[in-house]
Amino acid sequence: MTSLDDFVIQDGILTAYRGYGGIVTVPDGVTKIGRYAFAQAGPECVLLPESVTEIGYQAFAQCTSLLRIDLPAGLNKLSIKAFWQCTALKSIVIPEGVTTLNQQLFSGCSRLSQITIPDSVTKIESNAFAQCEQLFEV
């Protein structure tokens, strides 16, 4: 179980996660997951509040235990390499409102086999799905 002590939050931006993993519930009121906030951390599941609108650069990079993350409906920006090398992640649903899948967004997610992309996405940048060996259909 997560506690507020597991997070460093400044002005609505979650800048660091200091917990041990498992199921992580990000507190209500967080509007952005900052750069490297969860990088190399051990959560298996991350539950984001509806207040989150942006996931920053490499926010979940190399979270090799991450099996599931539920992206909130109000999310509109996924930054470069946000889920880079999340090797356990198998599926994800991109919410309506996201317009761009940035460079190397899911690069190295070797077990990613299912992704739902909404009509709002009009641009998929280079290597967004590089080394996603299990992704055969989008």
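**Close-up A. Ile 55 and the residues it touches in this predicted model.** Leaving out residues up to four places away in sequence, Ile 55 makes contact with Ile 33, Leu 48, Phe 60, Leu 71, Leu 75, Lys 77, Leu 78, Ser 79, Ala 82 and Phe 83.

**Close-up B. The largest nonpolar core holds 38 residues.** Ile 55 turns up again here, among the residues with the most contacts inside this core. Ile 33, Phe 38, Phe 60, Phe 83, Ile 92 and Phe 106 are on that list too. As a rule of thumb, nonpolar side chains in soluble globular proteins tend to be buried together.

**Close-up C. Tyr 36 and Tyr 57 meet edge-to-face.** There are seven aromatic pairs in the structure, and in this one the ring centres are 5.7 Å apart with 85° between the planes. Tyr 36 comes from the loop between β4 and β5, Tyr 57 from the loop between β6 and β7, so the pair links parts of the chain 21 residues apart. Are these two buried or partly exposed? Tyr 36 is partly exposed at 40% relative accessible area, and Tyr 57 is partly exposed at 24%.

**Close-up D. Phe 106 and Phe 129 are stacked.** Their planes sit at just 10° and their centres are 5.8 Å apart, so this pair counts as stacked. Phe 106 lies in the loop between β10 and β11, while Phe 129 belongs to the segment after β12, 23 residues away. Phe 106 is buried at 0% relative accessibility, whereas Phe 129 is partly exposed at 21%. Both rings belong to one aromatic cluster with Phe 7, Tyr 17, Phe 38, Phe 60 and Phe 83.

**Close-up E. Lys 81 sits over Trp 84.** Look for the charged end of Lys 81, 5.0 Å from the centre of the Trp 84 ring.

Conventions:
Residues numbered from 1 in each chain as written. Predicted model: local features only at pLDDT ≥ 70, side-chain atom pairs only at ≥ 80, totals over all residues. Heavy atoms only, no water. Core = buried A, V, L, I, M, F, W, Y, C linked by side-chain atoms within 4.5 Å. Buried < 20%, exposed > 50% of the residue type's maximum accessible area, 1.4 Å probe, protein only. Contact = heavy atoms within 4.5 Å. Phe/Tyr/Trp six-rings, centres within 6.5 Å; stacked < 30°, edge-to-face > 60°. Helix = DSSP H or I, 4+ residues; strand = E, 2+ residues; numbered from the N terminus. Lys NZ or Arg CZ within 6 Å of the ring centre and 35° of its normal.
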